[in-house]
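Work through the exercises below with the model open. Try each task before reading its solution.

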Amino acid sequence: MSSKACRGPVRSLVLCFLAIFSLGASGAHAQTYPAKTIEWISHTSAGSGTDLWNRNVSVILEKEKILNVPFIHTNRVGGNGLIAYQYLKNKKGDPYIVMAMAVSVILSLSILPDTGLALDSVTPIIRMAQDPQVVAVRTESKFKTYKELISAARDGNVVAGITGPTGSGRMALYYIERDTGAKFKYVTFKGGGDAVLATLGGHVEVTTENLSEMLPLVEAGKMRLLAVTGERRFKQAPDVPTLKELGYKTVVATGRGFGMAPGVPKEAAATMEQALKRVYDSQAYKDYADRNMFEDAYLNSADFAKALVAQRADQLEFLKAVGIVK
């Protein structure tokens, strides 16, 4: 089934997406998979939220002896995820590549013209969590509260660090601008970790990336959180309000999951889903998720595929509103 065919109505998209799993292989393959090194890909730079997510999950896979094969981590950075997802698409049928998915990235790439990518360019395996964004500044910042930041940003002179024009951090700022009348200037980085470091160094004034990318800096007193975009406050920062508590409707988080190449044998996809579900059920993962205040958002492969189709409409609305697509 072609990518073009998967750009149609929602029902067609769902059917197309689920058809990925019908591309099977022999039972003998299922008995031997995995039999060699698996490449674990992040589309962002080392230290970013997606990279940290990818590495922590694979560590649990190894320590819990869930998959007894080696892992190689690669950061295929560029084009706001385009390089990594094109690589994955070009490895059609190869079950030895696993992609750490930030949901907004594949949604945007499936919408943007001339990427050559659609939702069937990846086989969704599992969604495990939602990783809320935070509004953060360095401790030396003149902005002590969210109200002070917004007041200054209404003049259009506050510079924000983001990972790309289509990511969750940018989406959070879009809704903040819409709800408050603020207008930020933007500097784009290759990963959330880079945006955080730029904020820490005073090169930009604020970032809206994930808590996981700056938690050690927050705990060390080097970064200050002004607001949380999730449903609830962080226990690590109980005095920091959510945007909902401040009177706004904004709730934005990065969906965290994993995918494989299109057309992978269904037995291999099922094996990987089972392995990652064991990670999700482990105490080691629960401790990791609790420390980083991930919101539980488990979906199996079929439901993950359906959720991506449903969320695509919201992503399209966002991309139209900021003028990225017409």
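Four exercises follow, on charged pairs and on one helix.

This is a predicted model, in which local features need pLDDT of at least 70 and side-chain atom pairs count only at pLDDT 80 or more, while totals for chains, interfaces and linings use all residues. Residues are numbered from 1 along each chain as its sequence is written, and side-chain values use heavy atoms, with hydrogens and water left out.

**Exercise 1.** Find the salt bridge between Arg-76 and Glu-39 and place both residues in the chain.

*Solution.* Start with the criterion: a side-chain nitrogen of Lys or Arg lies within 4 Å of a carboxyl oxygen of Asp or Glu. The structure holds 10 such salt bridges. In the one joining Arg-76 and Glu-39, the N to O distance is 2.9 Å. Next, locate the partners. Helices (H or I, at least four residues) and strands (E, at least two) are DSSP runs, numbered from the N terminus. Arg-76 sits in the loop between β2 (71-75) and α4 (82-90), and Glu-39 in strand β1 (residues 38-42). The pair links distant parts of the chain, 37 residues apart. Last, check accessibility. Buried means under 20% relative accessible area, exposed over 50%, and partly exposed in between (1.4 Å probe, protein chains only). Glu-39 is buried because its value is 13%. Arg-76, at 27%, is partly exposed.

**Exercise 2.** Where do Glu-231 and Lys-244 lie, and how many residues apart are they?

*Solution.* First, the contact: their side chains form a salt bridge of 3.0 Å, N to O. Both residues are in the loop between β9 (223-228) and β10 (253-260), 13 residues apart. Now the surface. Glu-231 has a relative accessible area of 46%, so it is partly exposed. Lys-244 is partly exposed too, at 41%.

**Exercise 3.** Describe the salt bridge between Asp-290 and Lys-235.

*Solution.* Take the distance first: the closest N and O atoms are 2.4 Å apart. Then the positions: Asp-290 belongs to helix α11 (residues 283-291), Lys-235 to the loop between β9 and β10. They are 55 residues apart. Finally, exposure. Lys-235 counts as exposed because its relative accessibility is 51%. Asp-290 is partly exposed at 39%.

**Exercise 4.** Which residues of helix α6 are buried, and what do they pack against?

*Solution.* List them: Tyr-146, Leu-149, Ile-150 and Ala-153 are the buried residues of α6 (residues 146-153). They span an arc of only 95 degrees around the axis, so they lie on the same side of α6. The arc is that of the directions from the helix axis to the C-beta atoms. Now find the partners, taking contact as heavy atoms within 4.5 Å. The buried residues of α6 pack against β5 (134-138), α7 (168-180), β8 (206-207) and β9.
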